Protein chains: 2
Amino acid sequence: MKGIKSRMRILLCNDDGIHAPGLKALVDEIQKIADVDVVAPAREQSAMGHAITMTDPLRAEEYYRNGDFFGWAASGTPADCVKLALFALFDQYPDMVISGINQGSNTGINTIYSGTVSAATEGRINGIPSFAISLTSYRSTNFGPAARFAARLTLKLKDLDLPKGVFLTVNVPDLPEEEIKGVKFTRQGLAVYEEVYHRRTDPKGRTYFWLDGERAKEADDPSIDERAIRAGYISITPVHYDLTHYPSLDRLEDKVSDIFQT
Amino acid sequence: MKGIKSRMRILLCNDDGIHAPGLKALVDEIQKIADVDVVAPAREQSAMGHAITMTDPLRAEEYYRNGDFFGWAASGTPADCVKLALFALFDQYPDMVISGINQGSNTGINTIYSGTVSAATEGRINGIPSFAISLTSYRSTNFGPAARFAARLTLKLKDLDLPKGVFLTVNVPDLPEEEIKGVKFTRQGLAVYEEVYHRRTDPKGRTYFWLDGERAKEADDPSIDERAIRAGYISITPVHYDLTHYPSLDRLEDKVSDIFQT
């Protein structure tokens, strides 16, 4: 048992890179309530999913902002950053991992592609309370409400009593703080994107493809992450990394011999 | 309703790259029972997780083996390959997506890092029956048993009656076919790797880190993927991409107002 600590030590990470304004906004708020270590990708790593670097060496360099030490800029992905923090850079595990504030939502099917979420996954795999937080706009720099909510959630996370392996993905709508209607716990939407590749020809006459997609239209159900956000709420989805589909497992276990005459 | 087709059309992908012997072994077997299209990464993409390429253009080039057209070599990740197949390269969706045969197991926590699995995920997201298949050895080229099992599973997949969003990850032990004991439906192991970074210094005196890890020790429970394999069985885990932890959601929904006085 640990004694009561006066201040938590919190690891911050993101996938937009260590220069991103969302990370800076998060650091500024979390520093008010905890000691902060930053380990973030040196370059943007969006849509890296849960990638880890095994075939190449990783580097982590001290990164300064206006002459002050800000954190470690790592050559890898968000999951690499968390691994480096836990197993290479620091002597102690942090009390919490927070990933964000991402520029753009991490909802629905996109949750599985999200580098932001993968950093929180990596923290939780290693037993550390973790959450990912995103501002649901690709352009707005209105990070204040999300940053302040992150600090509030940090202080409340223990009260949520999340079981082993469960962590949170938080999406904050791009609204002035007073217009945010409240908090909703939601499930991950499962609607599929309408995807298109633009087929183009490069200056040498070779074909290339560029991905474009239209946001999927979710059913009109306020328990879905995307819908709660559109209605003006902060969406919090409890997620885990056990991909097993237990209802199918229970059903299939008894059928092995029917299916595969072995 | 589609009429009865004489032959299925199956999309094959992997993450070891289009040159990999595991993919060739899979093509050779699946071609016996179906028409095959191959779209695979031009270069190895292991541990790419569910990465998709959005910030760069993608290319897909015809790839020949011994003078015969083999498939499309794409510049992206396994998930990119499946997206390219569905939305750019071909006019029709395939009847099935098979990803593999991966060199090395995709079990336990590694399932979430797996590029092999991500290709099957991408197929299933788009409504296509899909599975990923791996040979649980990083060195062996004993792909025959896994390839023949893939063909068998292809013909049986419909009988499993998997619900929307559910697909399979298959791991075949590196044993002579006659020593494989049978098939077990399993759950994803959740034991955590013992991870270490080797800290080294490059020729210019700069520090770098290289990841090393010891396989996690799973509990002695034959319903866990890794354990079934060690016992000599082919492990099949039904998985899905809805990361929501529903037991927590149900519990938390009622508590919003207690936790966040809004």
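This is a dialogue between a newcomer and a guide about a predicted model with chains A and B.

Reader: How many residues does each chain bring to the contact between chain B and chain A?

Author: The size of an interface is often given as the accessible area lost when the parts come together. Here the contact can be described by its residues, with 63 taken from chain B and 63 from chain A. On the side of chain B that touches chain A, these divide by class into 37 nonpolar, 16 polar and 10 charged residues.

Reader: What turn and what shift along the axis lay chain B on chain A?

Author: A turn of 180° with a shift of 0.0 Å along the axis lays chain B on chain A, and the RMSD is then 0.0 Å. The two copies are thus related as by a two-fold rotation axis. Of the interface residues of chain B, 100% are also interface residues in chain A, so the copies meet through the same surface.

Reader: In what order do the strands of the open sheet in chain B follow one another?

Author: Strands of a sheet pair through backbone hydrogen bonds, either parallel or antiparallel. The open sheet of chain B has 9 strands with mixed pairing, and their order is β3-β4-β2-β1-β5-β6-β7-β11-β8. Its edge strands, each of which pairs on one side only, are β3 (60–65) and β8 (182–185) of chain B. On average, neighbouring strands of this sheet are turned by 25° against each other, direction ignored.

Reader: How many bridges join β7 to β11 in chain B, and do these strands run parallel or antiparallel?

Author: Strand β7 (residues 166–172) of chain B and strand β11 (residues 233–240) of chain B run antiparallel and are joined by 6 bridges. Within this pairing, B:Leu168 stands opposite B:Pro238 in β11(B).

Reader: Which strands of chain B does helix α2 lie across?

Author: Helix α2 (residues 78–89) of chain B lies across β1, β2, β3, β4 (68–74) and β5 of chain B, and its direction is at about 125° to β2(B). Helix α1 (residues 21–30) of chain B, in turn, lies across β1 (8–13), β2 (34–41), β5 (96–103) and β6 (130–135) of chain B, running at about 140° to β5(B).

Reader: At what angle do α2(B) and helix α3 of chain B pack?

Author: The angle between α2(B) and helix α3 (residues 115–125) of chain B is about 30°, and their axes are 7 Å apart. Angles under 35 degrees count as roughly parallel, and that makes α2(B) roughly parallel to α3(B). The crossing of these two helices is right-handed. Residues that meet there include B:Pro78 and B:Val82 in α2(B), and B:Ala119 and B:Glu122 in α3(B). By class, this contact has 5 nonpolar, 4 polar and 2 charged residues.

Reader: How do helix α1 and helix α4 of chain A pack, and at what angle?

Author: Helix α1 (residues 21–30) of chain A packs against helix α4 (residues 144–156) of chain A at an angle of about 45°, with the axes 9 Å apart. These two helices of chain A are therefore oblique to each other, and their crossing is right-handed.

Reader: Where is there a cis peptide bond in chain A, and which residue has a positive phi?

Author: Most residues other than glycine have a negative phi, and most peptide bonds are trans. In chain A, a cis peptide bond joins A:Gly100 and A:Ile101, with omega about -10°, and A:Ile101 lies in strand β5 of that chain. In chain B, a cis peptide bond joins B:Gly100 and B:Ile101. A:Asp161, a residue other than glycine, has a positive phi near 55° and is found in the loop between α4 and β7 of chain A.

Notes. Residues are numbered from 1 along each chain as its sequence is written. Chains are lettered from A and ligands numbered from 1 in the order in which they are written. This is a predicted model: local features need pLDDT of at least 70, side-chain atom pairs count only at pLDDT 80 or more; totals for chains, interfaces and linings use all residues. Axes are lines fitted to C-alpha atoms, for helices over the stretch in contact, and angles run from 0 to 180 degrees between N-to-C directions. Helices (H or I, at least four residues) and strands (E, at least two) are DSSP runs, numbered from the N terminus. Angles under 35 degrees count as roughly parallel, over 145 as roughly antiparallel, 65 to 115 as roughly perpendicular and the rest as oblique. A crossing is left-handed if the near helix is turned anticlockwise from the far one by less than a right angle, and right-handed if clockwise. Copies are superposed by least squares on the C-alpha atoms of residues with pLDDT of at least 70 in both. Two residues are in contact if their C-beta atoms, placed from the backbone, lie within 7 Å. Ala, Val, Leu, Ile, Met, Phe, Trp, Tyr, Cys and Pro count as nonpolar, Asp, Glu, Lys and Arg as charged, and the others, Gly among them, as polar. Two strands pair if DSSP finds at least two bridges between them.
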